[in-house]
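Biologist: I should like to learn how to read the strands, helices and enclosed spaces of a model. Could we take the features one at a time?

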Amino acid sequence: MGTNTVLKLVCFIFMVEIIHQSSARPSIRADNCGYQTCPLEKEGFINVHLVAHTHDDAGWLKTVDQYYYGARNQIQEAGVQYIIDSVVDELKDHPDRRFIYVEMAFFSRWWEEQNDATKNIVRDLVNQGRLEFINGGWCMNDEATAYYVDIIDQMSLGLIALNDTFGECGRPRIAWQIDPFGHSREQANLFAEMGYDGLFFGRLDHEDKKERTSKRTMEMIWKASNSLVNQSSLFTAVNYNLYQPPPGFCFDIYCNDEPIIDDPKSKDYNVEKRVTDFLNYCQQQANAYATDSILLTMGSDFHYQDANVWFKNMDKLIKYANARQTEGSRFNLFYSTPSCYTKALNDHAITWPTKTDDFFPYGSDSHAYWTGYFTSRPASKYMIRQASNLLQSCKQMDATLARQGATNAGDIFTMKDAMGIMQHHDAVTGTEKQHVAEDYALLLHKGVEECRKTQTSYFEKELVRGDTPLPKMSFCQLNISQCEPSETNNQFVINVYNSMSLVVDRYVRVPLPSGINFEVRDTLGNTMPSQMIPIAESIKALPGRVSTATRELVFLARYLPPLGSKSYFVLPVGSGDAETREQDNKFSISNEKVSVEIDDVTGLIKSVTVNGKTTPLKQEFLWYASKSGDNSQAEKRASGAYIFRPEGNDPSAIPSIGVKTTTYLGELVQEIHQVYNPWVSQTIRVYKGQEHVELDWVVGPIPVEDGIGKEIISRISTDIASKATFYTDANGRQTLQRVRDVRESYPYTVTEPTAANYYPVNSHIFLKDSVGNQMTVLVDRPQGGSSLHDGELELMVHRRCLYDDAFGVGEALNETAYGTGLVVRGTHYLILGDGTNSMKLTRSLSHELYKQPQISFIPSTLSFLEWSALYRTEQQSISRTLPNNVNLLTLETLAGGKYLIRLEHIYDVGEDPILSQSVTVSLEGLFPGFTIVSAEETMLGGNQFKKDSNRLIWNAASTGSKADQQMGEERIAAVLLRPMEIRSYILTLVRNS
């Protein structure tokens, strides 16, 4: 056999493997499912698509386990395992019935418990289109507070599980976001990039809904990207009745509506009345939509535990309503699904209205704006964001271990599962009961523990030179400046892992006790510049902190390699106290680029100078009093977990006898420690070489002894003429313009001038003027933010409410920990400059703020020379950096020895004259010692090959945008990325000989 023949055979084998073992495999029954199975509409009739569904929250009033098993039903009658059991039983013997299911966190668990006979029944139902998966993510994620990385991850987790189980027939075609509290443009963009044909949601602002129903524009084409205009367009429909059945027609065992009684001999016979009432409702709904096709949601929260009750009554409704067609009725009822309804609308071939903004904020009535949850449970939100970063690092490490054929002692799925659940619209939002929040924290903790095992396995493989095992590795709670290995050992090694695909410099802070001085050695054993600085008193006093550390060792970890690490050697250099001293009567801090001036009377920032340009400003903490009320009517709505409703629109000053300041000056970092009172403090910090100001705040326990709930904001005021306009990110990616008291899509009545102007902030918020001045604030977790006056930005950092807002959770948002009100520590980055430079810093710094390095510690008594002889002090998993405008979004292992990689362009159109341009990325030789022998581009979810995607084409009203056809095929060595584009590939690697 010749060499060329062998090479061709090898390539053929790898292509066969990628088709049959990767997540994006096709189904052998693909021709029998999908739109081909949809029922046909009747021309000339109002076709009523009845969608049988259940909405199964992945935690809310009960924990995930309690919901699944049906435990603690005194809280809520709900048992998901019984729902799926019952639905399958009712579908298998009735070929005309259909059902949709959404939450893969539940279904995957149920599937693993089934025997082969049941699995075969379910496969048949899926192949026939009678059990259809809609959405298909691990959960139905929130759209305001979920970070885009986590949305993609949780969707991919569910979609890949469906593909591995059912192939193409299990692939969802429709996104089903029926319960999240507002809807994001970036979410729509991601759905389009995943290949969905449509999006359905339930919650729409009350004024927007009034406008749309009157104009019959409840369905539209959402233009979800400035760059990928047509590629990211998505048909979007608003459900008429949220996701509930028509009033009076709830047939679940937990409902009290009348069943269809069709025995004419019964005195309770009600067929004629029930059918007439139902068809009247159908006509009412049809009047609000553009075609003679309508969709009715027949189900609700945890419905169908006894599916027979629902289906039996719907069978009768369909039978008797359709019988009226012989008497001239124009209504045609049948079981359907959102995908079949979408296909029917597509077949109408009409021109649809378009939308380019988003659906925030959501007001369910004139005094209930769902903007409080943008901040609710801020500690949980921070934990989720940190866990997200950790998961990305662990997936990279796991992929490296897999390539090397090494063992990973950690279970990555535990963290994937936990993070998937955390994106649920009652998890990351902070709108769950307290006992559920505690269970969520436990799930995350278990995931973190498994990831730490993965980190240990990774370093044991990558650092060890010979046969000497790596000493035990430890991890610290650096967010509270607590670290047992650095506090109890005089000598230790710090491993700093960089998960970014760029070489970066990162400042590291290590808690240490007083009495001994330390120095830091770099990877070559050279002594590095370092600085000792006191830990702020508010940090030392954090509830739950158990630490002897009184100061932090600060050093700059320079040139951290991409997807790699450096090890730093810390050793004592004598006793004494070499920490940075307090500077008397010093009211400024600076580096070579930035200076911050403090008012010596108020103790607040009075100006910031960046690169020679001074901006007068004031940064302060204030509080809104939470509105109390019994929620009996709109005017009496209370501020709670979901709703932000302040008592008055002007926040109050934080109680204080004067802001006390202490200044510390050093070579690497300069700080001003501010203390407002015992429950509000802040450190203002500038590091050498950086162009931004770091604001490290501590808030809590918020006092409520006066019976008043309080919602705390950080507000920055400048003289920038912003003309009522400001900008916020969408899930950490796109930037949307906001105009105070204005809605782009509908006439807006100002009833809550503060709450209704709040928007979700996941990454950045900024304002600017017409001459190029821009002020930007970056956040380290989701928060609510606004600009309520020109030149001002405010971010809500913490809230403690004493009343429930009556939207279901049944508890006040009154968090406590360690026997007192919750204390929260967080970070804001303040950027000042012109628009172009500010956006460049915003994009780079927001990724650095998210992708903080993973830091681990190893106590050691070895000398540096002894350590470096046994263990590597520097290593990396990819051979080179990627371009500055490209992020390696995903690198993880798949079944069958494949790897999923996603590359992301992090700039949008027009943000930078150079970095906003399209960029070509070479993957050739990216993985040292390995060759990419095959690669297949997939849709964003990793569950469908891009070449197989065939999305429905819609006629949209013109918006003047240019078409953006998908680029042609490229060699894997040259991946072209347009602004804001993410491209995904399944790779096969072979080790170089």
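Modeller: Let us begin with strand pairing. In this predicted model, strand E5 (residues 198-201) and E7 pair in the parallel sense over four bridges.

Biologist: Which residue of E7 is the bridge partner of Leu199?

Modeller: Leu199 has Thr236 as its bridge partner in E7. E7 is also joined by five bridges to strand E6 (residues 219-223), and these two strands run antiparallel. There, Trp222 has Leu234 of E7 as its bridge partner.

Biologist: How should one read the side chains of a strand?

Modeller: In a regular strand, side chains alternate between the two faces of the sheet. In the case of E7, Ser233, Phe235 and Ala237 point one way, while Leu234, Thr236 and Val238 point the other way.

Biologist: Are these residues of E7 buried or exposed?

Modeller: They are all buried. Strand E7 (residues 233-238) is thus described as mostly covered, with six of its six residues buried. Strand E37 (residues 783-786) can be read in the same manner: Gln783 and Gly785 point one way and Gly784 and Ser786 the other way, all of them buried.

Biologist: Which strands pair with E37, and in which sense?

Modeller: Strand E34 (residues 759-761) pairs with E37 in the antiparallel sense over three bridges. Pro760 has Gly784 as its bridge partner in E37. Strand E38 (residues 792-800) also pairs with E37 in the antiparallel sense, over two bridges. In that pairing, the bridge partner of Ser786 is Glu794 of E38.

Biologist: How many residues lie between the strands in the hairpin of E37 and E38?

Modeller: There are five residues between the strands of this hairpin, and Gly791 takes a positive phi near 80°.

Biologist: Let us turn to a whole sheet. What is the order of the strands in the open sheet of three strands?

Modeller: The order is E8-E1-E9, with parallel pairing. Strand E8 (293-298) and strand E9 (331-335) are the edge strands, each pairing on one side only. Neighbouring strands of this sheet are turned by 25° against each other on average, direction ignored.

Biologist: How many bridges join E1 to E8?

Modeller: Six bridges join strand E1 (residues 46-52) to E8, and the two run parallel. One bridge partner of note for orientation on the screen is Leu296 in E8, which is matched with Leu50.

Biologist: Which helices lie across strands of this sheet?

Modeller: Helix H10 (residues 307-323) lies across E1, E8 and E9, and runs at about 155° to E9. Helix H11 (residues 338-348) lies across E1 and E8, and runs at about 170° to E8.

Biologist: How is the burial of a helix to be read?

Modeller: An α-helix has 3.6 residues a turn, so residues three or four places apart point the same way. Helix H4 (residues 104-112) offers a case in which seven of the nine residues are buried, and the helix is mostly covered. The buried residues of H4 are Met104, Ala105, Phe106, Phe107, Ser108, Trp110 and Trp111.

Biologist: I should now like to consider the enclosed spaces. How many cavities of 30 Å³ or more does the structure hold?

Modeller: The structure holds ten such cavities. The largest has a volume of about 130 Å³. Its lining comprises 17 residues, of which Gly34, Glu132, Cys169, Arg171 and Arg173 lie nearest the centre of the cavity.

Biologist: Which element gives the most to the lining of the largest cavity?

Modeller: E3 gives the most, with three residues. Strand E3 (131-133) and H11 each supply at least two residues of this lining. By class, the lining of the largest cavity divides into nine nonpolar, five polar and three charged residues.

Biologist: What of the open spaces? How much space lies in the second largest pocket?

Modeller: About 1000 Å³ of space lies in the second largest pocket. This pocket is lined by 39 residues, and Val503, Val504, Asp505, Gln690 and Glu848 lie nearest its centre.

Biologist: Which elements supply at least two residues each to the lining of this pocket?

Modeller: Strand E15 (504-512), strand E19 (551-560), strand E20 (564-575), helix H17 (835-850) and strand E44 (886-893) each do so. H17 gives the most to this lining, with eight residues. The lining of the second largest pocket has 18 nonpolar, ten polar and eleven charged residues.

Methods
Residues numbered from 1 in each chain as written. Predicted model: local features only at pLDDT ≥ 70, side-chain atom pairs only at ≥ 80, totals over all residues. Heavy atoms only, no water. Pairing = 2+ DSSP bridges. Axes fitted to C-alpha atoms, helices over the stretch in contact; angles between N-to-C directions. Contact = heavy atoms within 4.5 Å. 1 Å grid on protein atoms, 1.4 Å probe; cavity = no way out; pocket = protein on both sides within 12 Å on 5 of 7 lines; lining within 4 Å. Points joined across faces, edges and corners; volume = space filled by probe spheres on them. Nonpolar A, V, L, I, M, F, W, Y, C, P; charged D, E, K, R; others polar. Buried < 20%, exposed > 50% of the residue type's maximum accessible area, 1.4 Å probe, protein only.
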